[in-house]
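Trainee: Could you take me through one part of this model closely? I would like the sheet, together with what packs around it.

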Amino acid sequence: MNRIEYIVRAKTQYDIQSPFMYELYSNVIAPHLDKATLERLHIDRNDTFGQLCYKLTDYYHAVAADPCPALPGADKTLKAPDGSFIGLVRSPHRNKDSEEAWERLFKELDVTLSVDLYDTGLLFTSKRLSRQHILFRVL
């Protein structure tokens with residue numbers, strides 16, 4: 001899917017109805033890291049993947065779980081204290097092969113929620129979430 005098709009189909013923060021998705025957006029996706037934090041962590045301000053890794057780890061008190069059998073195609077996997085996993089996929093729309101791999105990840109594995117941010121994909125295996133795939137665009 002190209003970026004224009006993604007923009008047309010994606011939901012924004014004004015479309016959020018799920019309490020979990022609202023919490024995820026408000027506490028992880030939307031907040032920007034300040035310049036001092038970015039410098040301390042050696043993360044480029046344009047590196048959304050690196051920033052999301054840090055913010056997910058910080059907010060959910062998750063620890064790195066690489067490699068993870070639950071999410072074999074994820075570029076980075078985190079394990080939350082409740083035993084569920086959070087997977088991050090870098091550039092799921094880079095090319096046709098990466099798009100197909102991204103779709104297989106959220107269709108074939110024990111993923112209950114996938115969030116497509118275009119530049120980064122998030123996968124959650126928590127059983128307390130309903131199974132859905134969300135295209136989400138940050139304004």
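Mentor: In this predicted model, six strands form an open sheet: the 6 strands follow the order 1-2-3-5-4-6, with mixed pairing. Strand 1 (63–64) and strand 6 (132–135) are the edge strands. Each has a single partner strand, so one side of each is left without a neighbour in the sheet.

Start at the strand 1 edge. Strand 1 pairs with strand 2 (residues 76–79) in the antiparallel sense, over 2 bridges. V63 has K79 of strand 2 as its bridge partner. Before strand 1 comes a loop that links helix 4 to it, and H61 sits in that loop. H61 has a positive phi, near 55 degrees, although H61 is not glycine. H61 is exposed, because its relative accessibility is 61% and the cut-off for exposed is over 50%.

Now the helices that lie across the strands. Helix 4 (residues 48–60) lies across strand 2, strand 3 (85–90) and strand 5 (120–124). Helix 4 runs at about 170 degrees to strand 3. Helix 5 (residues 96–108) lies across strand 3, strand 4 (113–116), strand 5 and strand 6. The angle of helix 5 to strand 5 is about 15 degrees.

The loop between strand 3 and helix 5 holds S91. S91 is another residue other than glycine with a positive phi, here near 50 degrees. The relative accessible area of S91 is 25%, so S91 counts as partly exposed.

On to strand 4, where S114 is located. S114 is buried, because its relative accessibility is 1% and buried means under 20%. Leaving out residues up to four places away in sequence, S114 touches W102, F106, L122, L123, Q132, H133 and I134. With H133 there is also a polar contact, side chain to side chain, at 2.4 Å.

T112 lies in the loop that joins helix 5 to strand 4. T112 is buried too, as its relative accessible area is 10%. Setting aside residues up to four places away in sequence, the contacts of T112 are F124, T125, S126, L129, S130, R131 and Q132. Q132 is thus touched by T112 and by S114.

Helix 4 also has a helix partner. The axes of helix 2 (19–29) and helix 4 come within 10 Å. They cross at roughly 115 degrees, and the crossing is right-handed. Helix 2 brings F20, E23, L24, N27, V28 and I29 to this contact. Helix 4 meets them with L52, K55, L56, Y59 and Y60. By type, the residues of this contact divide into 8 nonpolar, 1 polar and 2 charged.

Finally, look at L33, in the loop between helix 2 and helix 3 (35–41). L33 is buried, because its relative accessibility is 17% and the limit for buried is under 20%. Leaving aside neighbours within four places in sequence, L33 is in contact with L38, Q51, Y54 and K55. K55 is also one of the helix 4 residues that meet helix 2. P67 is 34 residues from L33 in sequence, and their C-alpha atoms are 27 Å apart.

Note on methods:
Residues are numbered from 1 along each chain as its sequence is written. This is a predicted model: local features need pLDDT of at least 70, side-chain atom pairs count only at pLDDT 80 or more; totals for chains, interfaces and linings use all residues. Side-chain values use heavy atoms; hydrogens and water are left out. Buried means under 20% relative accessible area, exposed over 50%, partly exposed in between (1.4 Å probe, protein chains only). Contact means heavy atoms within 4.5 Å. Two strands pair if DSSP finds at least two bridges between them. Axes are lines fitted to C-alpha atoms, for helices over the stretch in contact, and angles run from 0 to 180 degrees between N-to-C directions. A polar contact is a pair of N or O atoms within 3.5 Å; within protein, one must be able to donate a hydrogen and the other to accept it, and residues adjacent in sequence count only if both atoms are side-chain atoms. A crossing is left-handed if the near helix is turned anticlockwise from the far one by less than a right angle, and right-handed if clockwise. Ala, Val, Leu, Ile, Met, Phe, Trp, Tyr, Cys and Pro count as nonpolar, Asp, Glu, Lys and Arg as charged, and the others, Gly among them, as polar.
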